[in-house]
Amino acid sequence: MALIDLPEEIIEKIVEEFSVKDLLVCSAVSLEWREKFNVDVVWRKFCFREIRDYLENIPCEVEPAFNLPEENEERLQPLCSWRVHYMRKVHLLNNWKNNRYSALNFRTNLEIISSEVKIDSEGVHWLFITTESIVEVWNVNTKPQLYARIPIFDHCPNISMFLCGKKLVITQWNVANVYDFQNSSEPCKILYRFLLEEDQHLPLTLLNSTNILEADFMNQDDDFRFINFENILVGYKRIPNPLIDSSMHLWDVSTGEKLEIVSMSDSLSVEDEIAFTNIFRIDHLKGMIRHVFRSPDSILYTKLVVYDFKKRKFTDTNITFEGVTVWCGYAQDVIVTFTSHPGTIKFYNYSLGKLIWVKEIGEYTNSEQMQLIDSYLLYCMFNCLNVLDIHKQEVVYCLAFSFYSFVRRLTVIDPQFVVVWLLERGGSPGCPTYY
């Protein structure tokens, strides 16, 4: 029996393991095979879903422009929409790789502290520019347009921003501000302002800096951390007080209501002293909590537990080992940890909580630029980028850049495309390299 004669559900199951190359080979066998594999369900997973509308509706300003190769071929069935989108994505990445782009330059008169780009649920690109007292929001999908100016508290070094559906959340110190991000009549209208550790809401009118700094409810500790899981905003203190207890506070962004306070230290002994805690994202509804704690005999340990924010309970994952983990990641049922001294990567089976493999990679590895992409771990040492297969447990390849440079930042565009930002020794900025 030929592959295309199998039932549709069986074919879809088989195609789940296909690469793009496999699909292209099958599509080239015959017209019948081409039509069989010309369906959205098999091409969707290879696409940039967030920017589909952008690539379809915004004209390409870079030559050569995108053109469908089969537009005038009457014998062929039109390509499905997700395959066309995949072709647009490849066209975009090839332009970047060959340094072809159209710059969107604009000027702001503010003294910029930081900036970041976020993509909302509809695929629109937004640029957030943070200054001393204002956050400017720019729509940069096409020609940059100023969308809103949001006042913030002065002199706050620790500010975070999250897009939760149609809501924008800006956090400062122990205060979270929720805005109606896509309100066409009043962009970024404030809806709620609340204190992380309390149940009360604050006035929606922005208090002046002096009142804020002197207010009894303000906690100017820079150690507050926030992360969101869909519409749930999670806040906690990186270094808890007291050191034997660590809690996370869960808020519903859509309603502005506090859901509950969850103790993160129940899995620790009452004699253990927490050094610091962080929460990492496993997926859009699960978070991995990392505790670094000191035992009664003054030995530092790392404990990893996982919390399901949809079911609002801890999973069975519970991993403890000696040493201080400075980086954690998750991919394909594997938890990866990195300990800087002596520079060790450990791999654990997520479902079983069992140690799979240990690899020494050197203490000079830049833990800030570690990335997990599908089954590959990317890590940098000086001017080298190493790619390690987490299942085969070996380095697949190593890219060595100029001896006079080192890797400053990695930006992952999709599983097969990475931008490597280099910094020349001596401080002069280098150029991005595309792979």
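Here is a short walk through one sheet and some ring contacts in this predicted model.

Let's start with the sheet. Four strands make it up, running in the order β9-β10-β11-β12, and the sheet is open, with antiparallel pairing. At its edges you'll find β9 (224–229) and β12 (257–263), each of which pairs on one side only. On average, neighbouring strands here are turned by 25° against each other, if you ignore direction. As a general reminder, strands of a sheet pair through backbone hydrogen bonds, either parallel or antiparallel.

Now look at the inner pairing. Strand β10 (residues 232–237) and strand β11 (residues 247–252) pair in the antiparallel sense over five bridges. Within that pairing, L233 has W251 of β11 standing opposite.

The edge strand β9 covers 224–229, and charges sit over rings at F224 and F229. K237 lies over the face of F224, 5.4 Å from the ring centre. Over at F229, the charged end of R281 sits above the ring, 5.0 Å from its centre.

What about rings meeting rings? The structure holds 17 aromatic pairs. One of them joins W33 and F37, with 6.0 Å centre to centre and 40° between the planes. That angle falls between the 30 and 60 degree cut-offs, so the pair counts as tilted. Y307 and F309 make an edge-to-face pair instead, at 4.8 Å centre to centre with 70° between the planes. Are these rings buried or exposed? W33 and F37 are both buried, and so are both Y307 and F309.

Finally, find W126, F128, Y147 and F181: ring pairs link these residues into a cluster.

Technical notes: Residues numbered from 1 in each chain as written. Predicted model: local features only at pLDDT ≥ 70, side-chain atom pairs only at ≥ 80, totals over all residues. Heavy atoms only, no water. Phe/Tyr/Trp six-rings, centres within 6.5 Å; stacked < 30°, edge-to-face > 60°. Buried < 20%, exposed > 50% of the residue type's maximum accessible area, 1.4 Å probe, protein only. Lys NZ or Arg CZ within 6 Å of the ring centre and 35° of its normal. Pairing = 2+ DSSP bridges. Helix = DSSP H or I, 4+ residues; strand = E, 2+ residues; numbered from the N terminus. Axes fitted to C-alpha atoms, helices over the stretch in contact; angles between N-to-C directions.
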